[in-house]
Amino acid sequence: MAAPKMSMGKPTADRLPCNTTSFQKKSRSKLVSIPGTRPSIQNGQLIVSTGVTSLDYVIGGGLAVGTLLLIEEDRYDSYSRMLLKYFLAEGVVCGHELYVASALDHPNDILQELPAPILDDIASPKTVEDQAKSCDPESQDAMKIAWRYQHLPKVQTALASSSRFGHYYDVSKTMDTEICQAARCHGFYLPEHSTAVTSPTATRQSPMPETYSSLLNNLQEVIHREGFDGSVPQTKSRNILRIGLHSLGSALWGDDLCCRENPSHGHALTTFLYGLRAMLRSSLSVAVVTVPSHLIQNRALMGNITRLCDTAIALESFRGSERETNPLYKDYHGLLDVRQLPYLNCLVCDLPDNKDLAFKLKRKQFTIERLHLPPDLSETVSRVSRGELTGTAMVGSSGCGSGSTGNRHLDF
Amino acid sequence: MLLEVLQGTEAGGFILIQDSVNYCGRHLLKSCINTALKREEVVHVLGFEVSQEELNDGLDRTSAQRLHFHNAYSDPLGWTGNSPFTVHQFTLEDIGTLLKQTPQAKAVTLVIDSLSWILRHHDPAAICQKLQALKKGGVVRAVIGLLHSDLHQRGTVGSICHLATSVITVAPGTRGLGAVAKITRRTKSGKLMQDEEIFSINEDLTVTIQSKRSHPGSTPMNTDESEVDPTAHLTFNLRLSDTQREAKEKLPLPFVFSKEKKSALLHPGTGSGRILYEPDANDDYDQEDPDDDLDV
């Protein structure tokens with residue numbers, strides 16, 4: 001008897017405020033109840049963290065559910081792979097389901113390399129504060145500032161939003177296998193799926209289209225079976241599916257995009273991306289795709305691929321380039337370029353205030369910072385010579401003005 | 001680092017030797033084969049470019065029975081019909097049967113001389129997939145391939161290099177001394193190591209490292225910097241001695257708020273505001289009360 005009464009009482013209680021006033025609280029309780037998500041400040045879209053707090057900040061708070069993030073790989077795929085692992089690790093910590101597809105490594109191998117989360121929520125901001133505190137007296141010792149300038153805010157190089165979203169990870173350790181196994185994960189390892197598909201098609205027909213279509217079919221099946229698409233009635237609590245697709249478009253997917261200027265299946269990857277995006281839009285899922293863009297010969301095709309994704313960032317590692325030894329970049333490991341930001345439910349997207357971004361991989365975390373010259377505290381190096389360094393670094397011509405090198409520093 | 005790569009300490013590797021018309025990488029490949037033979041490994045060579053006699057020349061005679069040469073040099077496309085190995089047999093199944101002909105439980109190294117020939121007759125994407133399958137398959141311990149990079153499009157070379165765990169790019173050395181090898185090596189953990197070394201290959205196919213150049217770009221920058229010393233000939237003094245510097249640092253700067261100054265201003269002492277006055281004879285002291293006209 002009590003139970004029906006309760007159920008009867010609830011709707012009337014809900015309706016009562018409606019009778020007194022037309023004001024209705026805009027409730028998002030259904031969506032917010034998914035752990036690891038929150039509505040965006042800009043447009044109210046439900047967003048999830050990429051696992052890297054500063055990357056979240058750069059792309060406008062986080063990844064909107066139902067969108068696609070394209071990461072253009074750095075030359076040796078070390079940092080892009082790390083970003084993908086961060087994205088997956090964040091999913092594990094938040095209890096999301098994962099879908100990993102790769103042609104290079106087995107998805108289980110990728111999952112075993114996930115970075116360990118720093119779960120002690122109080123400890124991690126404290127260490128940041130401690131660092132700042134330990135920095136402060138040092139800088140006061142090092143430099144005397146007139147008192148009226150002492151309380152000016154410091155230039156913040158590290159990018160972070162005021163409220164915390166996402167977790168921090170320790171790159172040096174891998175995630176506990178217990179936590180890893182608790183997460184529901186679907187893997188797609190191309191050699192396992194394609195052997196059945198490609199062996200009958202040895203009749204000179206390129207296996208290209210099948211690899212992508214089998215991936216798309218597999219993904220669709222997972223989304224449908226696990227109830228991530230909106231069509232399934234809401235029986236159990238909703239969850240987010242995080243999709244990580246590694247090195248799409250490389251030769252291992254049977255795509256000659258990377259090998260030829262005019263690939264024989266130039267539309268294969270773009271067609272796949274159309275299908276993937278349509279699927280993402282109608283389901284509670286979010287995807288990260290890495291593409292070896294330095295290998296793709298046709299720039300127009302790369303442009304098409306970028307336009308078909310919602311957010312696009314490019315990583316450029318200093319490894320192996322002459323920038324590695326340039327003193328300008330000595331604090332960083334590479335440059336990050338935001339190629340494209342999504343326009344979601346509005347006409348404008350929030351552009352980052354600074355486009356010169358660089359990333360560095362510290363022992364504990366991956367951070368994206370504004371690229372700027374470090375303060376020059378030594379007395380021997382003058383500011384002018386650093387300016388010249390940047391000049392030579394940009395132009396690459398050190399021969400100019402060689403006749404006036406003698407009195408260049410004495411120009412006052 | 002070249003020697004470490006040649007020693008091949010890690011299993012499941014794919015070593016790519018990239019050469020061009022300026023410098024031939026086959027000598028390095030042969031010394032690779034030689035070190036593998038010395039490690040008591042079974043070496044299978046898919047030979048497309050040189051005959052067996054030419055390849056065997058200079059190799060270790062004592063371990064010749066562990067070297068298996070699959071001759072695709074005499075008839076690479078199978079026109080005569082009785083070729084031992086053709087370029088079309090570069091599939092996983094055929095290579096598997098080739099390797100099984102020698103029933104040994106030892107580690108097997110597969111040498112491909114050269115990948116350029118195979119790339120001519122197969123789809124590059126398919127080659128990449130096969131190489132990756134060979135690398136992962138566990139049948140072979142290591143795959144060593146020679147690639148003439150100037151014969152192919154940049155994208156094809158890039159894709160193959162992307163797969164390799166170690167890439168050795170050889171080029172002729174400056175002033176005709178030895179050769180320069182640029183080595184890029186990826187460890188299993190994803191760490192990347194790069195090095196540039198000048199090497200030479202001896203008569204017995206051993207490799208000698210002559211010198212190393214770890215950071216090629218850093219040296220010219222420093223020499224330019226050291227040439228100019230603007231403070232060398234000055235008519236005035238720019239430097240401070242230690243005592244001078246100490247004296248300078250003692251001086252409080254006008255707009256610097258030190259701790260003492262701040263506390264003195266914020267917490268004045270209790271008796272600090274008293275005025276001590278001792279009347280003097282010469283003081284012009286007015287006896288009259290200045291306010292006596294007021295009716296207070």
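Me: What percentage of the 412 residues of chain A count as buried?
Reply: In this predicted model, a residue counts as buried when its relative accessible area is under 20%. Chain A has 412 residues, and the share of them that counts as buried is 44%.

Me: How many helices and strands does the secondary structure of chain A come to?
Reply: Chain A combines both kinds of element. Among its contacts with a separation of 6 or more, 74% are between residues 24 or more positions apart. The secondary structure of chain A comes to 12 helices and 14 strands.

Me: Is Ser40(A) buried or exposed?
Reply: Ser40(A) is found in the loop between β1 (37-39) and β2 (46-48) of chain A. Leaving aside residues up to four places away in sequence, Ser40(A) touches Gln45(A) and Ile47(A). Its relative accessible area is 8%, and the limit for burial is under 20%. Ser40(A) is therefore buried.

Me: What distance separates the C-alpha atoms of Ser40(A) and Ala64(A)?
Reply: Ser40(A) and Ala64(A) are 24 residues apart along the chain. The separation of their C-alpha atoms is 7.9 Å.

Me: What is the phi of Asp77(A), which is not a glycine?
Reply: Most residues other than glycine have a negative phi. Asp77(A) lies in the loop between β4 (68-72) and α4 (79-94) of chain A, and its relative accessibility of 6% makes it buried. Although Asp77(A) is not a glycine, its phi is positive, at about 55 degrees.

Me: Which residue of chain B is joined to Asp113(B) by a cis peptide bond?
Reply: Most peptide bonds are trans. The bond that follows Asp113(B) is cis, with omega near 0 degrees. It leads into the loop between β4 (108-113) and α5 (115-121) of chain B. The residue joined to Asp113(B) by this bond is Ser114(B).

Me: Which residue forms a salt bridge with Arg184(A)?
Reply: Side chains of opposite charge can pair when their charged atoms come close. In the salt bridge of Arg184(A) with Glu226(A), the closest N and O atoms are 2.9 Å apart. The pair links distant parts of the chain, 42 residues apart: Arg184(A) is in the loop between α7 (177-182) and β8 (185-189), and its partner is in the loop between α9 (208-225) and β9 (241-245) of chain A. Arg184(A) is partly exposed, at 45% relative accessible area, whereas its partner is buried, at 12%, and is Glu226(A).

Me: How many residues apart in sequence are the parts tied together by Arg26(B) and Asp113(B)?
Reply: The side chains of Arg26(B) and Asp113(B) meet in a salt bridge, with N to O at 3.1 Å. Arg26(B) belongs to helix α2 and Asp113(B) to strand β4 of chain B, so the pair ties together parts that are 87 residues apart.

Me: Which residue meets Glu40(B) in a salt bridge?
Reply: Glu40(B) is in the loop between α2 (26-38) and β2 (42-47) of chain B, and its phi is positive, near 65 degrees. At 46% relative accessibility, Glu40(B) counts as partly exposed. Its partner counts as buried, at 9% relative accessibility. The salt bridge, 3.6 Å from N to O, is with Arg66(B).

Me: Why is helix α7 of chain B described as largely enclosed by the rest of the structure?
Reply: The buried residues of α7(B) include Gly155(B), Val157(B) and Cys161(B). These buried residues pack against β1 (13-19), α5, α6 (124-137), β5 (142-148), β6 (166-172) and β7 (179-186) of chain B. Helix α7 is largely enclosed because, of its 10 residues, the number buried is nine.

Me: Which kind of charge marks the surface patch that includes Asp280(B) and Glu288(B)?
Reply: Glu288(B) lies in the segment after α10 (259-266) of chain B. Its relative accessibility is 59%, so Glu288(B) counts as exposed. Other members of the patch include Asp283(B), Asp286(B) and Asp293(B), and the patch is negative.

Methods:
Residues numbered from 1 in each chain as written. Chains lettered and ligands numbered in written order. Predicted model: local features only at pLDDT ≥ 70, side-chain atom pairs only at ≥ 80, totals over all residues. Heavy atoms only, no water. Patch = residues over 30% accessible without salt bridge, like charges linked within 9 Å, V, L, I, M, F, W, Y side chains within 5 Å. Areas by Shrake-Rupley, 256 points an atom, 1.4 Å probe, with all protein chains shown as cover. Salt bridge = Lys/Arg side-chain N within 4 Å of Asp/Glu carboxyl O. Lys, Arg positive; Asp, Glu negative; His and termini not counted. Charge placed at Lys NZ, Arg CZ, Asp CG, Glu CD. Helix = DSSP H or I, 4+ residues; strand = E, 2+ residues; numbered from the N terminus. Buried < 20%, exposed > 50% of the residue type's maximum accessible area, 1.4 Å probe, protein only. Contact = heavy atoms within 4.5 Å.
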